[in-house]
Amino acid sequence: MMLLRNVLVVSAILLATSTLALAADSASGTVNFKTATSAVKHGWLVRGPDEMDPSKTILRIYVSSVDIGAKIKACKTLSCADSALTDGAMVDFSDARHLGYAVRLNGERVQYSGGTDGDAFTLTTSKPDHLAGKLHIDDAAVGGAKVDAVFDLSLVNTFTSVR
């Protein structure tokens, strides 16, 4: 009886710990461009070289309606991770004045890319391997995309090359 109780206690602790670990990586919101809309359900954070200046490093956030996490984790290059996104947005985060972003919706049939800056982020956590907060980009007035997301993401992959 004592052994059974110990097993149950350990199982409950493991279940609670694994649930907390899973809860740390989350994203929700919407991505819109023209008449296409995607409901964000998943998010990932990666680190890689800045495509404009490979001597610098950026963090890139992916938000998507579909789970592409296994594909992103399996990639060896940043461009491989980018190609996994078919319904959502990817946004760079760094101290650069210009931060690139891209929107791909409806299986990549609808696409838009643009630029934003650090003001698009309202962060509650900003660590080298963990970003949490809100993202708001609204370029709709100039014919661009709109991205609104809440996220809490831990680093899932680090890339040393773009291609």
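Throughout this briefing, a residue is buried under 20% relative accessible area, exposed over 50%, and partly exposed in between (1.4 Å probe, protein chains only). The structure is a predicted model, in which local features need pLDDT of at least 70, side-chain atom pairs count only at pLDDT 80 or more, and totals for chains, interfaces and linings use all residues. Residues are numbered from 1 along each chain as its sequence is written, and side-chain values use heavy atoms, with hydrogens and water left out. The topics below are salt bridges, aromatic pairs, the largest pocket and the disulfide.

**Salt bridges**

- A salt bridge is defined here as a side-chain nitrogen of Lys or Arg within 4 Å of a carboxyl oxygen of Asp or Glu.
- Five salt bridges are found in a search of the whole structure.
- Arg60 and Glu51 form a salt bridge through their side chains, with an N to O distance of 2.7 Å.
- Of these partners, Arg60 is buried at 4% relative accessibility, whereas Glu51 is partly exposed with a relative accessible area of 39%.
- Arg60 also meets Asp92 in a salt bridge, at 2.5 Å from N to O.
- This second pair links distant parts of the chain, since Arg60 lies in strand S4 (residues 57-64) and Asp92 in strand S5 (residues 88-93), 32 residues apart.
- Strands (E, at least two residues), like helices (H or I, at least four), are DSSP runs numbered from the N terminus.
- Asp92 is buried, at 12% relative accessibility.
- A network of salt bridges links Glu51, Arg60, Asp82 and Asp92.
- Arg104 and Glu108 form a salt bridge in which the closest N and O atoms are 3.8 Å apart.
- Arg104 is buried, with a relative accessible area of 16%, while Glu108 is partly exposed, with 30%.

**Aromatic pairs**

- Rings of Phe, Tyr and Trp (its six-membered ring) pair if their centres lie within 6.5 Å; planes under 30 degrees apart count as stacked, over 60 as edge-to-face and the rest as tilted.
- The whole structure yields four aromatic pairs in a search.
- One of them is formed by Phe33 and Tyr112, whose ring centres are 5.1 Å apart and whose planes stand at 35°, so the pair is tilted.
- Distant parts of the chain are linked by this pair: Phe33 belongs to strand S1 (residues 26-33) and Tyr112 to strand S7 (residues 110-116), 79 residues apart.
- Phe33 is buried with a relative accessible area of 8%, and Tyr112 is partly exposed at 21% relative accessibility.
- Tyr112 also pairs with Tyr101; the ring centres are 6.1 Å apart and the planes are at 45°, so the pair is tilted.
- Tyr101 and Tyr112 likewise link distant parts of the chain, with Tyr101 in strand S6 (residues 99-105) and Tyr112 in strand S7, eleven residues apart.
- Tyr101 is buried, with a relative accessible area of 4%.
- Phe33, Tyr101 and Tyr112 are joined into a cluster by ring pairs.

**The largest pocket**

- On a 1 Å grid over the protein atoms alone, a pocket is an open set of points where a 1.4 Å probe fits, with protein on both sides within 12 Å along at least five of seven lines; lining residues have an atom within 4 Å of a point.
- The largest pocket holds about 390 Å³ of space, a volume being the space filled by probe spheres set on the grid points, which are joined across faces, edges and corners.
- The pocket is lined by 20 residues, of which Glu51, Met52, Arg60, Asp92 and Gly100 are the closest to its centre.
- At least two lining residues come from each of S4, S5, S6 and S7, and S6 gives the largest share, four residues.
- The lining comprises eight nonpolar, five polar and seven charged residues.
- In this classification, Ala, Val, Leu, Ile, Met, Phe, Trp, Tyr, Cys and Pro are nonpolar, Asp, Glu, Lys and Arg are charged, and the others, Gly among them, are polar.

**The disulfide**

- The structure holds one disulfide, a term that denotes a pair of cysteine sulfur atoms within 2.5 Å.
- Cys75 is joined to Cys80, with an S to S distance of 2.2 Å.
- The link of Cys75 and Cys80 is left-handed, with -65° about the S-S bond.
- Cys75 is buried, with a relative accessible area of 6%, whereas Cys80 is partly exposed at 31% relative accessibility.
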